[in-house]
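Here is a friendly walk through the model shown below. Please keep the structure open beside the text as you read.

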Protein chains: 2
Amino acid sequence: MKADGRSRRETSRPMSKPETADPGPVEVFAALGDPTRLSLLTKLSDGQTRSIAMLSADTKLTRQAVTKHLHVLERAGLVKSIRVGRESQFGYRPGPIIEARSYLDRVSVQWDEALARLKALVER
Amino acid sequence: MKADGRSRRETSRPMSKPETADPGPVEVFAALGDPTRLSLLTKLSDGQTRSIAMLSADTKLTRQAVTKHLHVLERAGLVKSIRVGRESQFGYRPGPIIEARSYLDRVSVQWDEALARLKALVER
DNA sequence: GCAAAAGGCAACCTTTTGGTTGCCTTTTTC
DNA sequence: GAAAAAGGCAACCAAAAGGTTGCCTTTTGC
């Protein structure tokens with residue numbers, strides 16, 4: 001019989017949060033601000049659902065690294081995962097991208113309006 | 001006479017890059033993925049140019065922290081700065097936001113097309 | 001011409017990130 | 001019913017991020 005199931009260090013940390021609602025633009029942008037994650041997401045945006053093994057196949061990273069990135073995307077609401085059999089299938093979720101896009105739109109609009117006002121002022 | 005102009009540690013690091021052309025979407029998203037930076041940028045997108053002192057006035061951060069964030073935004077091409085007199089004025093630059101937006105558009109479009117194909121397949 | 005305002009620079013420090021490795025559990029497949 | 005495939009979990013590590021402080025230079029305003 002073994003003394004303990006756990007092997008490595010013994011530090012004990014609480015960690016983890018519920019966080020179900022979809023996060024604001026900042027977190028979405030942060031999630032998009034990494035090359036690996038951005039490419040995972042664009043891959044998944046073709047509508048096909050993929051397993052972790054599939055997604056880690058064409059990177060030089062380990063499966064675990066990819067898993068972490070997928071979790072970041074998931075916490076940002078950009079993908080969802082469901083466990084089917086022995087694998088978990090990841091799929092794209094359009095919501096946050098739409099929101100992010102409209103955030104950028106608002107910024108652009110604010111800028112355009114400022115320009116328009118300036119131009120109007122100069123031309124009068 | 002003082003022995004040396006420099007005071008603290010003496011480590012010597014090279015650092016810094018030229019990097020003039022505007023960076024890809026990843027760096028832009030990364031720059032947007034921080035609350036301080038996002039708010040600085042939306043503030044500046046009203047077209048008004050502002051000094052560092054002005055921009056750090058309404059945050060709890062130090063001027064230096066704000067300066068760093070501004071430099072990140074600048075390296076991402078999102079703002080430009082010109083030194084005028086004793087202050088440096090920061091202004092919004094629309095380019096990268098437009099690009100980022102169209103990147104998100106492409107992702108959305110790819111998703112929409114996938115959905116459309118799926119629907120067509122199911123309905124036939 | 002001097003004090004105050006605005007910044008730049010660089011050293012430090014702490015927390016987060018991005019990534020790896022080891023090992024255990026659950027499904028599949030022969 | 002075992003071996004192999006797919007993952008999960010947690011510890012660990014190095015590097016990058018975010019922030020602060022100290023001090024020096026340049027402009028501006030009397």
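## A phenylalanine among both chains

Leaving aside residues up to four places away in sequence, Phe29(B) touches Phe29(A), Ala30(A), Leu32(A), Gly33(A) and Leu38(A) from chain A, and Ala100(B), Tyr103(B) and Leu104(B) from chain B; contact here means heavy atoms within 4.5 Å. Phe29(B) sits in helix 1 (residues 25-32) of chain B. Helices (H or I, at least four residues) and strands (E, at least two) are DSSP runs, numbered from the N terminus. With a relative accessible area of 0%, Phe29(B) is buried; the word buried stands for under 20% relative accessible area, exposed for over 50%, and partly exposed for what lies in between (1.4 Å probe, protein chains only). Phe29(B) and Ile97(B) are 68 residues apart in sequence, and their C-alpha atoms are 9.3 Å apart in space.

A word on the ground rules: this is a predicted model, in which local features need pLDDT of at least 70, side-chain atom pairs count only at pLDDT 80 or more, and totals for chains, interfaces and linings use all residues. Residues are numbered from 1 along each chain as its sequence is written, chains are lettered from A and ligands numbered from 1 in the order in which they are written, and side-chain values use heavy atoms, with hydrogens and water left out.

## How the two chains relate

A turn of 180 degrees with a shift of 0.0 Å along the axis lays chain B on chain A with an RMSD of 0.0 Å. This is the relation of a two-fold axis. The same surface serves both copies, as 100% of the contact residues of chain B recur in chain A. The copies are superposed by least squares on the C-alpha atoms of residues with pLDDT of at least 70 in both.

## The sheets

In chain A, three strands make an open sheet in the order 1-3-2, with antiparallel pairing; two strands pair if DSSP finds at least two bridges between them. Its edge strands are strand 1 (50-51) and strand 2 (79-84) of chain A, each pairing on one side only. Strand 2 of chain A is joined by six bridges to strand 3 (residues 87-92) of chain A, and the two run antiparallel. Val79(A) stands opposite Tyr92(A) of strand 3. Helix 2 (residues 35-44) of chain A packs on this sheet and touches strand 1, strand 2 and strand 3, its direction making about 85 degrees with that of strand 3. Axes are lines fitted to C-alpha atoms, for helices over the stretch in contact, and angles run from 0 to 180 degrees between N-to-C directions.

Chain B also has an open sheet of three strands in the order 1-3-2, paired antiparallel. In strand 3 of chain B, Gly91(B) is the bridge partner of Lys80(B).

## Salt bridges

How many salt bridges does a search of the whole structure find? There are six over all chains, each being a side-chain nitrogen of Lys or Arg within 4 Å of a carboxyl oxygen of Asp or Glu. Three of them are listed here, including pairs from both chains.

| Pair | Closest N to O distance |
|---|---|
| Lys43(A) and Asp58(A) | 3.2 Å |
| Asp46(A) and Arg50(A) | 2.8 Å |
| Arg50(B) and Asp46(B) | 2.8 Å |

Lys43(A) lies in helix 2 of chain A and Asp58(A) in the loop between helix 3 (52-57) and helix 4 (63-75), so the pair ties together parts 15 residues apart in sequence. Lys43(A) is partly exposed at 27% relative accessibility. Asp46(A) is partly exposed at 22%, whereas Arg50(A) is buried at 15%.
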